[in-house]
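I opened this one to look up its charged pairs, then followed the leads into the core and the sheet. My notes are below, in the order I took them.

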Amino acid sequence: MSANFCAASTVICHVVGITYQNIEHRLLAEMLGDPLGETPHTHTHTPDDVNLTTDTQVKVWMNKYGWTENEDGLIFIHSQEESVKPKNIVEKIDFESVSSIMATSQ
């Protein structure tokens, strides 16, 4: 069963990594299995499959993914601007379409 917890935590961290720029420590802990974000209990769903409290687990996952936490409990994931790929959208409108629109709006 611990392999399932580890797999679930890996998926959760992947989704957090592509979705969030910052996340509260409490919310990440809740996503990883601690509804209060502070209850010390043990599970075995860390990258190294070691029994740790949830707070320590969050720190292990943060370390694995290179996330950092500030003093307010906000975890910096990464700048989403780095992963956004701009697209140039080019639309071609023929003159007949525009002229009929302009004629009806006058």
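**Salt-bridge notes**

I started with the charged side chains and found that Glu-24, Arg-26 and Glu-30 are tied together in a network of salt bridges. Worth writing down straight away: this is a predicted model. I then ran the search over the whole structure, and it gave 3 salt bridges.

*Entry: the network, pair by pair.* I took Glu-24 with Arg-26, whose side chains meet in a salt bridge at 3.1 Å, N to O. Next came Arg-26 with Glu-30, where the closest N and O atoms are 3.4 Å apart. How many residues apart are Arg-26 and Glu-30 in helix α2? They are 4 residues apart, about one turn of the helix, and α2 covers residues 25-31.

*Entry: exposure of the network.* Are these side chains buried or exposed? I looked up each one. Glu-24 comes out at 42% relative accessibility, so I put it down as partly exposed. Arg-26 is at 41%, and therefore also goes down as partly exposed. Glu-30 has 37%, so it is partly exposed too.

*Entry: the remaining pair.* Which residue does Glu-69 form a salt bridge with? I got Lys-59, with the closest N and O atoms 4.0 Å apart. This pair links distant parts of the chain: Glu-69 sits in strand β4 (residues 68-69) and Lys-59 in helix α3 (residues 54-65), 10 residues apart. For exposure, I noted Glu-69 as partly exposed with a relative accessible area of 30%, and Lys-59 as partly exposed with 42%.

**Sheet notes**

Glu-69 led me to the strands. I found an open sheet of 3 strands in the order β1-β5-β4, with antiparallel pairing. Which are the edge strands? They are β1 (22-24) and β4, each pairing on one side only. Strand β5 (residues 74-76) is joined to β4 by 2 bridges, and the two run antiparallel. I also checked the bridge partner of Glu-69 in β5, and that is Ile-75.

**Core notes**

Ile-75 turned up again when I looked inside. The largest nonpolar core has 13 residues, and Leu-28, Val-58, Trp-67 and Ile-75 touch the most other members. Helices α1 (2-19), α2 and α3 each supply at least two residues of this core.

I listed the contacts of Ile-75, leaving aside its neighbours within four places in sequence. Among them are Leu-28, Val-58 and Trp-67. The list also includes Glu-69, Thr-68, Met-62 and His-25, as well as Gln-21, Asn-22 and Ile-23.

**Whole-chain notes**

Last, I looked up the overall figures. I have 4 helices and 5 strands for the protein, and along the sequence the pattern reads α-β-α-β-β-α-β-β-α. What share of the 106 residues counts as buried? I noted 24%.

For contacts between residues at least 6 apart in sequence, I found that 51% join residues at least 24 apart. The exposed surface comes to about 7600 Å², with carbon and sulfur atoms supplying 57% of it.

*Closing entry.* Looking back over my pages, I see Glu-69 twice: as the salt-bridge partner of Lys-59 and as the bridge partner of Ile-75 in β5. Ile-75, in turn, is one of the core residues that touch the most other members.

Note on methods: Residues numbered from 1 in each chain as written. Predicted model: local features only at pLDDT ≥ 70, side-chain atom pairs only at ≥ 80, totals over all residues. Heavy atoms only, no water. Buried < 20%, exposed > 50% of the residue type's maximum accessible area, 1.4 Å probe, protein only. Contact = heavy atoms within 4.5 Å. Areas by Shrake-Rupley, 256 points an atom, 1.4 Å probe, with all protein chains shown as cover. Core = buried A, V, L, I, M, F, W, Y, C linked by side-chain atoms within 4.5 Å. Pairing = 2+ DSSP bridges.
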